[in-house]
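Trainee: I've got a structure to look at and a few things to ask. Can we go through it together?

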Amino acid sequence: MPYEVQGVIARGKGQEVTLETVVVPDPGPGEAVVNVKACGVCHTDLHYREGGINDDFPFLLGHEAAGVVEAVGEGVTDVAPGDFVILNWRAVCGQCRACLRGRPWYCFNTHNAAQRMTLKDGTELSPALGIGAFLEKTLVAAGQCTKVSAEAPAEVAGLLGCGVMAGLGAAMNTGGVTRGDSVAVIGCGGVGDAAVLGAALAGATRIIAVDVDPRKLEWARGFGATDVVNSAETDPVEAIRSLTGGHGADVVIDAVGRPETYKQAFYARDLAGTVVLVGVPTPDMTLDLPLLDVFGRGGALKSSWYGDCLPSRDFPMLIDLFLQNRLPLDKFVSERIGLDQVEEAFAKMHRGEVLRSVVVL
Ligand SMILES: NC(=O)c1ccc[n+]([C@@H]2O[C@H](COP(=O)([O-])OP(=O)(O)OC[C@H]3O[C@@H](n4cnc5c(N)ncnc54)[C@H](O)[C@@H]3O)[C@@H](O)[C@H]2O)c1
Ligand SMILES: [Zn+2]
Ligand SMILES: [Zn+2]
């Protein structure tokens, strides 16, 4: 029997989200239905609602979630009903050219559930990042469920499902931050602060947090920033250079994703350093840089999809570090809210009042 549950829907560009009944099919082959316990509000959900990702409305929002497997379809052996899982939006295929070359975090053929969740009138929904978890039960591909220790609270575990993993991984995986590095992070929301934390965990000795909001800078200090720069008042490129002996940082992470912040990252980086773009730009944005500077400054310009994480490798490890009090993931949870408060959470995010509002079910 299909399930009928309440979910958060974005019907059109810029329209306020609504709470509507969603029909969730029983899991088919390779699929699982998960009882969502918690789902964080990520800036990407707002990008969807604003039409910044694509026009496939109506969207079923929410994609940063943890829950308990309710049922699995035919052929599913990796997870079973009752397992506590974090949902991931890059279930690797194991067979594409990236996977076959031993680089599954780049998988070019990640998969989602084959069936669609619908509104009661049959309208097919586009689940955000192939998940759609502002919903009591959601349908995903079984590979999107990564089992972790059930000792972790769901609202903390769920954060690894998107923003916090993206930020930690931008520093640790994509940026390859290591002991003694200097790192600058531009934009200190949930993703940027996770990058600050990832840099600290990896052993960076100087971690410079940049934001336009003083409150965010204060929070970034709490995650391990050694220095902060308010780029609404100070030129961040000059500030980062002067904090790094005039050279620039080894790794600069753009957790905003705008042409101006990318340029700041590009020029605030030391020669042969690395720029990591983890903030997501919108389709209208273009970048104009002197090609000679791209050549002359050397190093690497990288993008970070989901922190180049491998859920099966990274989620259980990070949850273990949290349970050992070595990774304060709980500090990202600013508030616990209900499904009917997502729109309000977007407004708070916009005003910079929260790192993560987490819907708890
Ligand atoms: N690459 C990925 O896999 C991935 C995953 C999750 C989120 N994201 C993206 O990461 C970005 C950040 O997400 P978030 O949830 O942390 O958002 P957020 O809204 O919580 O944080 C954004 C931060 O950037 C700051 N900011 C805005 N403009 C700035 C500027 N010009 N200079 C400096 N700081 C500025 C804001 O004050 C805020 O603190 C979004 O674009 C989101 O879509 C990417
Ligand atoms: Zn693959
Ligand atoms: Zn997200």
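Mentor: Sure, and one term comes up straight away: a residue is near a molecule if its C-beta atom, placed from the backbone, lies within 6 Å of it. Keep in mind that this is a predicted model.

Trainee: How many residues surround ligand 1?

Mentor: Use that 6 Å cut-off. The closest residues are H43, A166, G187, G189 and V191. By class, the shell splits into 15 nonpolar, 14 polar and four charged residues. The number that surround ligand 1 is 33.

Trainee: Where does ligand 1 lie relative to the domains?

Mentor: The domain assignment gives domain 1 (3-161 + 328-360) and domain 2 (168-304). Both domains give residues to the shell around ligand 1, so the ligand lies between them.

Trainee: Which element gives the largest share of the side of domain 1 that touches domain 2?

Mentor: Nine residues of domain 1 are in contact with ten residues of domain 2. Three residues on the domain 1 side come from one element, and that's the largest share: helix 1.

Trainee: Is helix 4 parallel or oblique to helix 5?

Mentor: Look at the axes of helix 4 (residues 163-174) and helix 5 (residues 190-202): they come within 7 Å and cross at roughly 40°. Angles under 35 degrees would count as roughly parallel. That crossing angle makes helix 4, relative to helix 5, oblique.

Trainee: And is their crossing left-handed or right-handed?

Mentor: The contact includes A166 and G167 of helix 4 and V191 and A194 of helix 5. As for the hand of the crossing of helix 4 and helix 5, it's right-handed.

Definitions and conventions. Residues are numbered from 1 along each chain as its sequence is written. Chains are lettered from A and ligands numbered from 1 in the order in which they are written. This is a predicted model: local features need pLDDT of at least 70, side-chain atom pairs count only at pLDDT 80 or more; totals for chains, interfaces and linings use all residues. Axes are lines fitted to C-alpha atoms, for helices over the stretch in contact, and angles run from 0 to 180 degrees between N-to-C directions. Helices (H or I, at least four residues) and strands (E, at least two) are DSSP runs, numbered from the N terminus. Angles under 35 degrees count as roughly parallel, over 145 as roughly antiparallel, 65 to 115 as roughly perpendicular and the rest as oblique. A crossing is left-handed if the near helix is turned anticlockwise from the far one by less than a right angle, and right-handed if clockwise. Two residues are in contact if their C-beta atoms, placed from the backbone, lie within 7 Å. Ala, Val, Leu, Ile, Met, Phe, Trp, Tyr, Cys and Pro count as nonpolar, Asp, Glu, Lys and Arg as charged, and the others, Gly among them, as polar. Domain bounds come from an automatic or database domain assignment.
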